[in-house]
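Biologist: Could you walk me through this structure and explain the terms as we go?
Modeller: Happily, let us look at it together.

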Amino acid sequence: MTGPLAGLRVIELAQYISGPFAGKLLADLGADVLKVESPSGDPMRRWEGGDAVTSPQFAAYNRNKSGVVLDLKTDAGRDELTRLVTTADVLIENFRPGVTARLGVGYPELERVNPRLIVCSITGFGPDGPYAGRPAYDTVISALSGMYSQIVPDGTMRPLGPAFSDLLSGMSAAQAVLAALHARQRTGRGEHVEVSMLGSVVDFLTEPVSTYLRTGEVSRPDSRPRRAQAFACVGSDGGAFVVHLSVPEKFWTGLLDVLERPDLAHDPRFASRENRVRHYDVLDAVLKEITAARPREQWLRRLAAADIPHSALNGVDELLADPQVAHLALTEPVAEPDGREVLQPRLSTVFHRSGAPDYRPAPPLAADEAVAS
């Protein structure tokens with residue numbers, strides 16, 4: 001294996017998204033990640049329904065890993081996990097609080113086997129407290145944490161977007177593991193790191209939370225776009241794009257040249273950034289009316305020539321066809337077990353000395369080691 005984490009061994013006792021995403025992030029950096037599943041497998045394998053055992057979702061969060069099946073409710077399964085722990089650097093788990101202790105594989109037991117082991121526990125609401133024992137899924141945490149209040153338009157009673165709390169807690173867990181590994185270099189000992197989905201989202205929402213604590217202002221979905229002076233427009237061909245005016249006044253005056261509307265500079269509602277923030281909805285409607293007169297590509301060319309921050313508003317299909325994304329080569333062909341080559345996203349960070357690992361598909365159930373049950 002190559003990559004900056006080559007030689008690091010990680011055991012993943014996790015399912016669904018948060019823990020597997022943390023493991024995937026470490027595997028993408030070169031760590032040897034062994035995914036431990038129950039005999040029935042990670043439920044994400046069958047996310048699409050039917051008898052599928054490698055859903056697109058499972059494949060996304062479990063690439064570059066090897067796999068083993070262990071029944072931790074049996075002595076044989078626990079004994080095999082203990083053996084694996086003796087050779088590991090990190091163990092990631094995302095059970096509900098108290099489950100690993102009841103199984104006899106909690107941190108105290110694992111530390112006795114391997115004092116240098118770093119155990120990262122990911123929970124939904126935290127290890128204790130009034131909600132700790134509740135089932136935690138992304139939509140529940142995204143609602144509780146305030147995430148949806150920042151992205152779901154007022155009056156739209158529908159969860160939107162990707163699995164924010166799962167993904168953010170997976171990123172937090174990977175970051176915490178790397179920090180604990182650095183600390184181990186000083187102390188020679190491992191530690192127990194606790195990450196919660198709820199806390200990870202609150203960490204992420206540092207701007208709206210801090211703003212409320214300082215000013216009492218409650219941020220809404222359009223609060224930051226209003227302050228950033230970001231506008232979504234649609235060309236005459238239906239192509240959507242975004243213009244970001246930010247703080248420098250040159251972007252506003254440059255936009256007026258692009259739009260061929262110098263008269264707007266004299267409109268008192270738009271005479272200063274503060275006024276444009278205050279009258280955001282009015283200006284948004286004006287820009288939409290003007291940009292509807294020409295196709296998107298014409299506007300994008302004119303905005304680029306004027307050096308105004310902008311972008312096409314891409315769907316995932318448009319994203320992958322975008323010239324800059326293609327230039328960065330953010331996908332990698334991966335050989336599936338059936339021999340097919342399938343493109344997958346690859347790590348965007350480039351390590352010029354450490355390199356990157358060879359990309360492998362998610363493991364079939366019990367693919368790499370004998371079943372212990």
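**Terms and values, side by side**

Modeller: Let me start with a hairpin: strands E10 and E11 form one with 5 residues between them, and Gly339 in the turn has a positive phi of about 95°. This is a predicted model, where local features need pLDDT of at least 70 and side-chain atom pairs count only at pLDDT 80 or more, while totals for chains, interfaces and linings use all residues. Residues are numbered from 1 along each chain as its sequence is written, and side-chain values use heavy atoms, with hydrogens and water left out.

Biologist: What makes E10 and E11 a pair of strands?

Modeller: Strands (E, at least two residues) and helices (H or I, at least four) are DSSP runs, numbered from the N terminus. Two strands pair if DSSP finds at least two bridges between them. Strand E10 (residues 331–335) and strand E11 (residues 341–345) are joined by 5 bridges and run antiparallel, so they pair by that rule. Within this pairing, Pro333 has Leu343 in E11 as its bridge partner.

Biologist: How do you know that Arg9 and Asp32 meet in a salt bridge?

Modeller: A salt bridge is a side-chain nitrogen of Lys or Arg within 4 Å of a carboxyl oxygen of Asp or Glu. For Arg9 and Asp32 the N to O distance is 3.5 Å, so the pair meets the cut-off. Arg9 lies in strand E1 (residues 9–13) and Asp32 in strand E2, so the contact ties together parts 23 residues apart in sequence. The structure holds 23 salt bridges.

Biologist: Why is Asp32 called partly exposed?

Modeller: Buried means under 20% relative accessible area, exposed means over 50%, and partly exposed is in between (1.4 Å probe, protein chains only). Asp32 has 30% relative accessibility, so it counts as partly exposed.

Biologist: Lys65 also forms a salt bridge with Glu12. Are these two residues buried or exposed?

Modeller: Lys65 is buried because its relative accessible area is 2%, and Glu12 is buried because its value is 0%. Their closest N and O atoms are 2.5 Å apart. Lys65 lies in strand E3 (residues 65–69) and Glu12 in strand E1, so this pair ties together parts 53 residues apart in sequence.

Biologist: What makes the space lined by Cys233, Phe241 and others a cavity?

Modeller: The search uses a 1 Å grid over the protein atoms alone: a cavity is a set of points where a 1.4 Å probe fits but cannot get out, whereas a pocket is an open set with protein on both sides within 12 Å along at least five of seven lines. Lining residues have an atom within 4 Å of a point. Grid points are joined across faces, edges and corners, and a volume is the space filled by probe spheres set on the points. The search of the whole structure finds 1 cavity of 30 Å³ or more, and the largest cavity has a volume of about 50 Å³. Helix H12 gives the most to its lining, with 3 residues.

Biologist: How much space lies in the largest pocket, and which residues are closest to its centre?

Modeller: About 920 Å³ lies in the largest pocket. Of its 39 lining residues, the closest to the centre are Gln15, Tyr16, Asn94, Phe95 and Arg96. Strand E2 (32–37), helix H4 (99–103) and strand E5 (118–123) each supply at least two residues of that lining.
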